[in-house]
Amino acid sequence: MSFAMFGIGVSGGIAIGPARLLSHTSLEVAHYAVPEDQFDREVARFDSAVSEVRGGLESLRETVPPGAPAEVDAFLQLHLMILNDSTLSEAPRALIVQQGCNAEWALKQQMDNLIRQFEAIEDTYLRERQADVVQVVERVLKALLGTTTTVSGSGGRDMPGILVAHDLSPADMMLFKQQSFAAFITDVGGATSHTAIMARSLNIPSVVALHHAWPLVRENEILIVDGRQGVVLVNPDRQVLTEYRLRQEQWDLERQKLKRLRSTRATTLDGVDVQLHANIELPADVDQVRKSGATGIGLFRSEFLFMNRPDLPDENEQFAAYRAVAEAMRGMPVTIRSLDIGNDKPIEQGPRVTNNPALGLRAVRYCLSEPRLFNAQLRAILRASHYGKVRLLIPMLCSRAELDQTLAMLDQARAQLREEGVPFDEQLPVGGMIEIPAAALALEALLERLDFLSIGTNDLIQYTLAIDRTDDSVAHLYDPLHPAVLFLIAHVIRTANKHAVPVSVCGEMAGDPQLTRLLLGFGLRNFSMHPNHLPMVKQVVLTTTLADTESTARRILSAHTQERISQLLGKLNA
Ligand code: PEP
Ligand code: MG
């Protein structure tokens, strides 16, 4: 049966390929029957996943540096103990045979049993160890994913597959960076969730918030994913397939043409230079940045170095990563954002997950509560500043007191390095992300002590409109053109320009070519976006006369209804 599903397109382009259903988190594990003659193979698959995880944990224990806090080893020991418990390492083997089910399902049932036992424990500390059980099981599930035959990318098949998942975490997306899928589709998520942002960095079409893809789509069914329109067609007929193949070719052709702009300067028709910088997650992304023609890195989301691992990267490991990026960018600015974990970017050793993580111990709040961890990162960034044009960016600033504390910690790290004779850039510019309405409204208090600003529109919209950026049920209310959002953005740009403090936008709005002229009209001259979006935005800059944008931008700011705003925006982009 052929049918269409509608969601939110988060990464453009068209992909056609067979569905590959993914289930690898403890909460949404696939359940399928395993024929009797394959019981042994399934048990062996389970055993090998358990030994892979055991081996990984053991070798991590061996590499814990002597000076590391005792908790690191204790944590690894605890995970090994949980893994070696027969409930998880033995009982699922029997279940596979008794129930004729897949290894993932057998493991999930055992995990649920164990969690029920933990829930009955009165001791709070022990009860909270449930989270460790889940983490260990997730590790085994991930190892099973590596050996499973039901989920694969191109893996020797004719066409690269399309990954269908209920949900994917940003950490999952990191793992999928190494595999080749033609597209991603998920049931949940918003357009600016970190998973969507990661999907964009994979440079393949993706659609989120489909609600029912996971239960409705079957393995191997042919899908068409239109990432621009947010549409997924299941089992399309031949005519539709031909039509979409044509559209796919056209899209690829347009992208090829845009690539020619790579070394063209982004200058408006009235001769004003605009800086187009790139956002990255990992040092390996620098290659893509250089190919895009970006003139710097406006946002290095350093928290991705901390994901998919049980330990934290120490100062030296971080230094090596930051230095590699600084050197690879050969004198162009590299803006390293200090750790922004929490909310939808948890890490294994991060803050406790609360009911409302977006409003909880996140980003700079978390760093200030963990001075040792923060100090290691600040030292690593300072050390890397000796090898390129590094800038430090502080996420989620809300008050002057937070900024003062952060700068005091930075001074302390500087003093330590000076005393140790370690070179660093004494003039390292320090910027603040403006992504909480309070910071935008009380900007002058922050401006006094900052060298530059970067507007994080993803969070600014979330916090201004009280819309969880990861929640698909309110995704339709997530509106970058809401008058309150536009007012705050324009206010920050105007105030920064008045004080001659450089300001950029590094949220997803910066990479939307429909909004380029509006932001230019507000006075923005520096944009930072995913490198894939850069050529399209550059093309808009090259065809814009600034003088024409300013008056329409002013009119948009005083418009009250969505219709009027859309109408004026259409005029601006005509
Ligand atoms: C933002 O909030 O706009 C931003 C760029 O940061 P992140 O998306 O990583 O929260
Ligand atoms: Mg943010």
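Visitor: Which elements each supply at least two residues of the lining of the second largest cavity?
Guide: In this predicted model, the second largest cavity holds about 50 Å³ of space. Of the 11 residues that line it, the closest to its centre are Phe 184, Thr 186, Thr 195, Ala 199 and Val 208. The elements that each give at least two lining residues are strand 5 (183-186), helix 9 (194-201) and strand 6 (206-208).

Visitor: How many residues of that lining, in the second largest cavity, are nonpolar, polar and charged?
Guide: Phe, Ala and Val count as nonpolar and Thr as polar, and residues of these kinds are among those closest to the centre of the second largest cavity. Over the whole lining, the division is 8 nonpolar, 3 polar and no charged.

Visitor: Which elements give two or more residues to the lining of the largest cavity?
Guide: A search of the whole structure finds 4 cavities of 30 Å³ or more, and the largest has about 70 Å³ of space. Its lining has 15 residues, with Arg 301, Arg 337, Met 433, Glu 435 and Asn 458 closest to the centre. Two or more lining residues come from each of strand 10 (297-301) and helix 19.

Visitor: How many residues of the lining of the largest cavity are charged?
Guide: Arg and Glu count as charged, and Arg 301, Arg 337 and Glu 435 are among the residues closest to the centre of the largest cavity. The full lining also has 3 nonpolar and 4 polar residues. The number of charged residues is 8.

Visitor: Which residues are the protein donors of the magnesium ion (ligand 2)?
Guide: The donors lie 2.0 to 2.1 Å from the ion, and the cut-off for a donor to this metal is 2.8 Å. They are Glu 435, through OE, and Asp 459, through OD.

Visitor: How many residues apart are Glu 435 and Asp 459, and where do they lie?
Guide: Glu 435 is in the loop between strand 13 (430-434) and helix 17 (437-441), while Asp 459 belongs to helix 19 (residues 457-465). Both residues are buried. The pair links distant parts of the chain, at a separation of 24 residues.

Visitor: What is the geometry of the aromatic pair of Phe 300 and Tyr 322?
Guide: This pair comes from a search that finds 3 aromatic pairs in the whole structure. The ring centres are 5.8 Å apart and the planes are at 85 degrees. Planes over 60 degrees apart give one class, so the pair is edge-to-face.

Visitor: Why does the pair of Phe 300 and Tyr 322 tie together parts that are apart in sequence?
Guide: Phe 300 is buried, as is Tyr 322. The pair ties parts together because Phe 300 lies in strand 10 and Tyr 322 in helix 13 (residues 315-328), and the separation is 22 residues.

Visitor: What span does helix 5 (residues 103-119) reach from its first C-alpha to its last?
Guide: Helix 5 has 17 residues, and at 1.5 Å a residue the expected span is 24 Å. Among its buried residues are Leu 107, Met 111, Leu 114 and Phe 118. The span reached is close to the expected one, at 24 Å.

Visitor: How far apart in space are Gly 388 and Arg 323, C-alpha to C-alpha?
Guide: Gly 388 is found in the loop between helix 15 (371-384) and strand 12 (389-394). Its relative accessible area is 24%, so Gly 388 is partly exposed. Gly 388 and Arg 323 are 65 residues apart in sequence, and their distance in space is 7.6 Å.

Technical notes
Residues are numbered from 1 along each chain as its sequence is written. Chains are lettered from A and ligands numbered from 1 in the order in which they are written. This is a predicted model: local features need pLDDT of at least 70, side-chain atom pairs count only at pLDDT 80 or more; totals for chains, interfaces and linings use all residues. Side-chain values use heavy atoms; hydrogens and water are left out. Donors are N, O and S atoms within 2.8 Å of the metal (3.2 Å for Na, K and Ca); water is not among the atoms, so sites may look incomplete. Helices (H or I, at least four residues) and strands (E, at least two) are DSSP runs, numbered from the N terminus. Buried means under 20% relative accessible area, exposed over 50%, partly exposed in between (1.4 Å probe, protein chains only). On a 1 Å grid over the protein atoms alone, a cavity is a set of points where a 1.4 Å probe fits but cannot get out, and a pocket is an open set with protein on both sides within 12 Å along at least five of seven lines; lining residues have an atom within 4 Å of a point. Grid points are joined across faces, edges and corners, and a volume is the space filled by probe spheres set on the points. The expected span of a helix is 1.5 Å times one less than its number of residues. Rings of Phe, Tyr and Trp (its six-membered ring) pair if their centres lie within 6.5 Å; planes under 30 degrees apart count as stacked, over 60 as edge-to-face and the rest as tilted.
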